[in-house]
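Q: Please take a close look at one part of this model and describe how it sits in the chain. A plain account of the residues involved is enough.

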Amino acid sequence: MFIENLPLEKTIPVLKSRLSESMNFINMFDQASIHGTGLGVDLAVEHKIAMC
């Protein structure tokens, strides 16, 4: 089901939940340590954050 098919009173809580999940995901990856020799790892983490 697409979100635009939900009634407004259900849409807002779903979007707030998704936002909260995305923020938790971003915070988790934001706290990942930087890998001095693993540039690919750092780029992958930055990509994951950008895609949220």
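A: Helix α1 and its surroundings

Thr-11 belongs to helix α1, which covers residues 8-30. The model is a predicted one. Thr-11 has a relative accessibility of 12% and therefore counts as buried, the cut-off for that class being under 20%. Its side chain has a polar atom 3.3 Å from the backbone oxygen of Leu-6. Leu-6 also appears among the contacts of Thr-11: with neighbours within four places in sequence left aside, Thr-11 touches Ile-3 and Leu-6.

Ile-3 leads on to the surface. Together with Val-14 and Leu-15, Ile-3 makes up a nonpolar surface patch, and the accessible area of the three comes to about 220 Å². Val-14 is itself a residue of helix α1. Its relative accessibility is 38%, so Val-14 is classed as partly exposed, between the limits of 20% and 50%.

Leu-19 is another residue of helix α1. Leu-19 has a relative accessible area of 52%, and because the exposed class starts over 50%, Leu-19 falls into it. In sequence, Leu-19 and Cys-52 are separated by 33 residues, while in space their C-alpha atoms are 9.2 Å apart.

Helix α1 as a whole can be described by its span and its buried residues. The helix has 23 residues, and the distance from its first C-alpha to its last is 32 Å, close to the 33 Å expected at 1.5 Å a residue. The buried residues of α1 are Thr-11, Ser-22 and Phe-29. As background on such elements, an α-helix has 3.6 residues a turn, so residues three or four places apart point the same way.

The rest of the chain gives the setting. The chain contains 2 helices and 0 strands. Of its 52 residues, 12% are buried. The accessible surface of the chain amounts to about 4,500 Å², and carbon and sulfur atoms account for 63% of that surface.

How values were computed. Residues numbered from 1 in each chain as written. Predicted model: local features only at pLDDT ≥ 70, side-chain atom pairs only at ≥ 80, totals over all residues. Heavy atoms only, no water. Helix = DSSP H or I, 4+ residues; strand = E, 2+ residues; numbered from the N terminus. Buried < 20%, exposed > 50% of the residue type's maximum accessible area, 1.4 Å probe, protein only. Polar contact = N/O pair within 3.5 Å; in protein donor to acceptor, adjacent residues only side chain to side chain. Contact = heavy atoms within 4.5 Å. Patch = residues over 30% accessible without salt bridge, like charges linked within 9 Å, V, L, I, M, F, W, Y side chains within 5 Å. Areas by Shrake-Rupley, 256 points an atom, 1.4 Å probe, with all protein chains shown as cover. Salt bridge = Lys/Arg side-chain N within 4 Å of Asp/Glu carboxyl O. Expected span 1.5 Å × (residues − 1).
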